[in-house]
Amino acid sequence: MKDKYDVIVVGAGPSGSIAARTAAEKGLEVLLIEKRQEIGEPVRCGEGVPRNALLKFTDIDPKWVCSKISGARLFSPDGNKFELREKNSDTELGYVLDRKIFDRDMARSAANAGAEVMVKTQATSLLMDKGQVCGIRGISRGECFEIAAPVVIGADGVESKIGRWAGIDTTLKLKHAATCAQFHLTGIDIDPSCCDFYFGSSVAPGCYAWVFPKGKDEANVGLGMLASMTDRSHPIQYLTEFVNARFPGSSILESVAGIVPVQDTLPCISTGGMMLTGDAARLSDPLTGAGIISAMASGRISGNVAADAIRSGDVSASSLAAYDREIFDTIGRMISRNYKLAMVVSRMNDSSLNIFFGTLKSRGMEKVPLSFVSDTIFNPGMPLFKILSKIF
Ligand code: FAD
């Protein structure tokens, strides 16, 4: 570890690794630090990801693909099934990943591009000069350190502190948080090519439960619930009830809990010498909770903006505002639109949800290919009224 780099990236999740890789590919000296001793663990993720979006950042390596997905089934509160498939059942629309291997591979790609990667190394505060970020203080294997860098990228996940240390309000309000619980189950009867989603107030208030296959008889089974919409204490209780009813006799290999931000785009995600990416910038999709692709996309944009800013010798807030603009024009537009949709869906009671799914069915929406629905939801350019007019 040196005492000065061009860019320090804090956090080696998907956003940090892609930010570090991009900046290193541009010829910058990059340090990527991760506070945990192992990159990728523990996994707090359903690990589902759309194929075409992922291909923009990496070739697909079979060693981190657990399941190839070609369909989705949505279950309404009254138990009716709404199924979306590709015409060709061999089509790979998405994957359920093994993020322990995937995250490590992404960090490896940053290292291969020239970034220095350090685990067990935690940022504890920011170095500031005249109100501008100029490095970090941290602790690495028990040793305190200070490292200077004109650009720090805060890729430190949903519990991010980098933004707050730099003076950006990233407080996640209770009403903007979905609390989630997930079991990795084995010994279950599932369709390994299909992701299932269950809706209803008794299953997952304000959100949904998911079953994402990880092989032929294993799956990530989890749920989120809007913290503001339940008086019961913990999503684990809901999940236990769901699993007992849906998968009796199954065994739990892993249990995790986590938070997904359900909010509109933050008004500002950079300042002089600092950019926030991925979950740290609250860039996960408020409708689906998906955040891997936005994390990687924002990581790439931040790496490119860092390279341009450093080359021009201007890492001021106004220079790095180019990052905010590009994010708002792409991921930000998708988030703002899907936040509005999420608010509508989360307020639907069970009978409205039953009517909603009944309407979709009666309009023949099951014949629509899943790829079309997925592309629509994640397409930043598709206005809300167009989505609604396609449904009704
Ligand atoms: P993270 O992956 O959280 O990485 C941040 C890293 O920063 C961590 O490794 C952390 O240890 C490190 N770090 C934090 N502070 C410091 C510090 N001070 N110093 C050094 N390192 C630090 N998204 C999907 O696309 N598909 C899904 O199926 C899906 N399912 C989900 C299920 C659950 C239960 C949850 C909670 C989330 C899910 N998500 C899903 C969201 C997805 O996991 C996140 O959006 C994604 O991991 C964000 O990536 P990131 O790189 O921004 O942050």
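Trainee: By class, how many nonpolar, polar and charged residues does the shell around the ligand have?
Mentor: Bear in mind that we're looking at a predicted model. Ala, Val, Leu, Ile, Met, Phe, Trp, Tyr, Cys and Pro count as nonpolar, Asp, Glu, Lys and Arg as charged, and the others, Gly among them, as polar. Sorted that way, the shell comes out as 15 nonpolar, 12 polar and 8 charged residues.

Trainee: How many residues surround the ligand, and which are the closest?
Mentor: Housekeeping before the names: residues are numbered from 1 along each chain as its sequence is written, and side-chain values use heavy atoms, with hydrogens and water left out. In this predicted model, local features need pLDDT of at least 70 and side-chain atom pairs count only at pLDDT 80 or more, while totals for chains, interfaces and linings use all residues. A residue is near the ligand if one of its heavy atoms lies within 4 Å of it. There are 35 around the ligand, and the closest are Glu34, Gly46, Gly48, Arg99 and Asp279.

Trainee: Which elements each supply at least two residues of the shell around the ligand?
Mentor: Helices (H or I, at least four residues) and strands (E, at least two) are DSSP runs, numbered from the N terminus. Both kinds turn up in the shell, and the ones that each supply at least two residues are α1 (14-25), β9 (121-129), β15 (209-213), β17 (251-261) and α6 (292-312).

Trainee: How far is a nitrogen atom of the ligand from a polar backbone atom of Gly46?
Mentor: The cut-off for a polar contact is a pair of N or O atoms within 3.5 Å; within protein, one must be able to donate a hydrogen and the other to accept it, and residues adjacent in sequence count only if both atoms are side-chain atoms. Ala123 has a backbone N or O atom 3.1 Å from a ligand nitrogen, and Gly291 has one at 2.9 Å from a ligand nitrogen. For Gly46, the distance is 2.7 Å.

Trainee: What part of the accessible area that the ligand has on its own does the protein cover?
Mentor: Accessible areas come from the Shrake-Rupley method with a 1.4 Å probe, and for residues only the protein chains shown count as cover. On its own the ligand has 1000 Å², and the part covered by the protein is 91%.

Trainee: Lys130 and Arg282 both caught my eye. Is Arg282 buried or exposed?
Mentor: Each is a non-glycine residue with positive phi, near 50° for Lys130 and near 60° for Arg282. Lys130 sits in the loop between β9 and β10 (132-140), and Arg282 in the loop between β19 (274-276) and α6. Buried means under 20% relative accessible area, exposed over 50%, and partly exposed in between (1.4 Å probe, protein chains only). At 81%, Lys130 is therefore exposed, whereas Arg282, at 3%, is buried.

Trainee: Where is Pro42, at the end of that cis peptide bond?
Mentor: The bond runs from Glu41 to Pro42, with omega near -10°. As for Pro42, look in the loop between β2 (30-33) and β3 (48-50).

Trainee: Which residues is Leu370 in contact with, leaving aside its neighbours within four places in sequence?
Mentor: An unreviewed UniProt entry has the annotation "binding site" on Leu370; UniProt positions are given in the numbering used here, feature names are shortened, and annotations may be inferred rather than shown by experiment. Leu370 belongs to helix α9 (residues 370-377) and is buried, because its relative accessible area is 11%. Contact means heavy atoms within 4.5 Å. For Leu370 that gives Ser70, Gly71, Ala72, Leu84, Arg85, Glu86 and Leu93.

Trainee: With which side chain does the side chain of Ser270 make a polar contact?
Mentor: Ser270 lies in strand β18 (residues 270-271) and is buried at 6% relative accessible area. Its side chain reaches the backbone oxygen of Leu320 at 3.4 Å. The side-chain partner, at 2.5 Å, is Asp324.

Trainee: How far does the backbone oxygen of Pro213 lie from a polar atom of the side chain of Ser67?
Mentor: Ser67 is part of strand β4 (residues 65-69) and counts as buried, since its relative accessibility is 4%. Beyond four places in sequence, Ser67 touches residues including Tyr95, Pro192 and Pro213. From the Pro213 backbone oxygen to the Ser67 side chain, the distance is 2.9 Å.
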